[in-house]
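This report is meant to be read alongside the sequence and the 3D structure. Please keep both open while reading.

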Amino acid sequence: MSTTVSSSRPGKPQPGGPTAGAPSAAPATRPVSWKTPVLLTVFALVSLVFFGFLAPSQTASFGISTGEDFFQLPALEINAFAGGIVLSVLLVALAGYAVYLKTKNQPAPGWLAVTFIVIFVAAFLIWVVGGARTPAISLAGLIAGSVTLAVPLVFGSLSGVLCERVGVVNIAIEGQLLGGAFTAAIVASMTKNAIIGLLAAAIAGAVVSMVLALFSIKYLVNQIIVGVVLNVLVSGVTGFLFSTVMQTNKAQFNSPPGLDVIDIPVLSSIPIIGPILFRQSLVGYLMYVAVAVVWVGLFKTRWGLRVRAVGEHPQAADTLGINVNATRFWNVTLGGAVAGIGGSFFTLVAIDSFTKEISGGRGFIALAALIFGRWNPVGAFFAALLFGFADNLQSIVTIIGTPVPSQFMAMLPYLVTVLAVAGLVGKSRGPAASGIPYVKG
């Protein structure tokens, strides 16, 4: 490697270098991609045409308060055509600003993409409700239901964060959720105790993760292949035991006591916020705790620094005395326990029994939320909420009689994921060593 030595005499030119004292050349900057400005422009124009010019003339009504709220707020009334035009113009302005930044070779800031998504969702919601036979929905119920549906997605995405931050790709989230749901149901049914079922679900998820860790870390088997095999294995085992054990004696093996919703007095009666934060089951409250604990642990503690070092540069971490494979093994196990708790939501909160494939592919949506959230616990949390919102909205639009097909609503989470990976919210890059086995020496 060559180095340039500056002269002690100012003004004396150096061979092959600039004159001493002259300003050095600025480092070349990487060109900013057109992907984000183009995507924002396309969606802004789509919004302007469909949500603006072609919007229905009805007034969309959004209820803010419920009958259980401490005080009542009036419903929000918005003319679908006027509201769509205003929001679409805002989207066009944001897209134009992104194009302007591109001409200056500056990337679009994160707040711009997030604001664009929020406004686009609001315009879409007004358009959907305004065109329905019954143009009125409960906004409070929509948001609260979205949070409830997002609970297993949040736990699954947190499991993925814990695994991938340490360098292991966790495709087995679906199997961990399913194993947790099955174990919670059968253990809670036999013990007549939902708390014991919840703990058993965490252990079941951890066992599935240990198998993933053993084969991918110790025996260096491809992590994606192991994850897919585990999903199929857990699906087959739980399906077999459901048919041969649970169905033969449902009262003993598949009638788990549920975890009741816990209302915090006064706070649970605050409009919109109350049902979301203070009217949840034990698993729902654990969801908020888990997001906070994982974020603080990863970014504010010595343990988190070691975990991120192992996921980004295991060789460097090894030279500092960190046991790379042991750190990976126990982190993957912890991620499985977190996913198992999320699986218990299906049988202890949402439904009072276990059925085949009860997780319904939500482990893969959780994996999408992980990518959309940029491998950050808080980002994955909000991404999971967005997917839960789309899932809940799918049910509501069918009830109110909107002309939008429910199948279109069902594909929204996956469409959002594709757009996120394509660069709508910036470049998505996982930990550098994710998916790469580490062999010491």
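Arg-279 has a relative accessible area of 17%, and because buried means under 20%, Arg-279 counts as buried. In this predicted model, the side chain of Arg-279 meets that of Asp-263 in a salt bridge, with 3.8 Å from N to O. The pair links distant parts of the chain: Arg-279 belongs to strand β5 (residues 279-280) and Asp-263 to strand β4 (residues 262-263), 16 residues apart. Asp-263 is partly exposed, at 43% relative accessibility.

How many salt bridges does the structure hold? There are 3 salt bridges, and the table lists them.

| Salt bridge | N to O distance | Separation in sequence |
|---|---|---|
| Arg-279 and Asp-263 | 3.8 Å | 16 residues |
| Asp-318 and Lys-440 | 3.8 Å | 122 residues |
| Arg-362 and Asp-391 | 3.9 Å | 29 residues |

In the pair formed by Asp-318 and Lys-440, Asp-318 sits in helix α12 (residues 314-319), while Lys-440 is in the segment after α17 (412-422). Is each partner buried or exposed? Asp-318 is buried, with 17% relative accessibility, whereas Lys-440 is exposed, with a relative accessible area of 65%.

The pair formed by Arg-362 and Asp-391 joins helix α14 to helix α15. Arg-362 is partly exposed, at 23% relative accessible area. Asp-391 is also partly exposed, at 25%.

**The protein as a whole**

The protein has 441 residues, and 48% of them are buried. Its secondary structure comes to 17 helices and 5 strands. Of the contacts between residues at least 6 apart in sequence, 75% join residues at least 24 apart. The exposed area is about 20,900 Å², and carbon and sulfur atoms supply 70% of it.

**The largest pocket**

The largest pocket holds about 970 Å³ of space. It is lined by 30 residues, and those closest to its centre are Ile-117, Val-118, Val-121, Phe-382 and Leu-386. Which elements each supply at least two residues of the lining? They are strand β2 (76-79) and the helices α3 (110-130), α4 (139-164), α9 (273-277) and α15 (377-400). Helix α3 gives the largest share of the lining, 9 residues. Helix α15 therefore appears twice in this report: it supplies lining residues of the pocket, and it carries Asp-391 of a salt bridge.**A nonpolar surface patch**

On the surface, a nonpolar patch of about 730 Å² is made by Trp-34, Val-38, Val-42, Val-46, Val-49, Phe-50, Phe-53 and Leu-54. One of these, Val-46, lies in helix α1 (residues 35-53). Val-46 has a relative accessible area of 32% and is partly exposed. Patches are made of residues with over 30% relative accessible area, so Val-46 passes that cut-off.

**Trp-295 and its contacts**

Trp-295 is found in helix α10 (residues 282-300). With 31% relative accessibility, Trp-295 is partly exposed. Which residues does Trp-295 contact, leaving aside its neighbours within four places in sequence? The contacts are Lys-300, Asn-376, Pro-377 and Val-378. Trp-295 and Val-378 are 83 residues apart in sequence, yet their C-alpha atoms are 7.0 Å apart in space.

**Two residues with positive phi**

Asn-105 is a residue other than glycine, and its phi is positive, near 60°. Asn-105 lies in the loop between α2 (80-103) and α3. Its relative accessible area is 31%, and Asn-105 is partly exposed.

Trp-375, also not a glycine, has a positive phi near 60°. Where is Trp-375 found? Trp-375 is in the loop between α14 (362-372) and α15. Trp-375 has a relative accessible area of 9%; because this is under 20%, Trp-375 counts as buried.

How values were computed:
Residues are numbered from 1 along each chain as its sequence is written. This is a predicted model: local features need pLDDT of at least 70, side-chain atom pairs count only at pLDDT 80 or more; totals for chains, interfaces and linings use all residues. Side-chain values use heavy atoms; hydrogens and water are left out. Helices (H or I, at least four residues) and strands (E, at least two) are DSSP runs, numbered from the N terminus. Buried means under 20% relative accessible area, exposed over 50%, partly exposed in between (1.4 Å probe, protein chains only). Contact means heavy atoms within 4.5 Å. Accessible areas come from the Shrake-Rupley method with a 1.4 Å probe; for residues, only the protein chains shown count as cover. Patches are made of residues with over 30% relative accessible area and no salt bridge: like charges are joined within 9 Å, nonpolar side chains (Val, Leu, Ile, Met, Phe, Trp, Tyr) within 5 Å. A salt bridge is a side-chain nitrogen of Lys or Arg within 4 Å of a carboxyl oxygen of Asp or Glu. On a 1 Å grid over the protein atoms alone, a cavity is a set of points where a 1.4 Å probe fits but cannot get out, and a pocket is an open set with protein on both sides within 12 Å along at least five of seven lines; lining residues have an atom within 4 Å of a point. Grid points are joined across faces, edges and corners, and a volume is the space filled by probe spheres set on the points.
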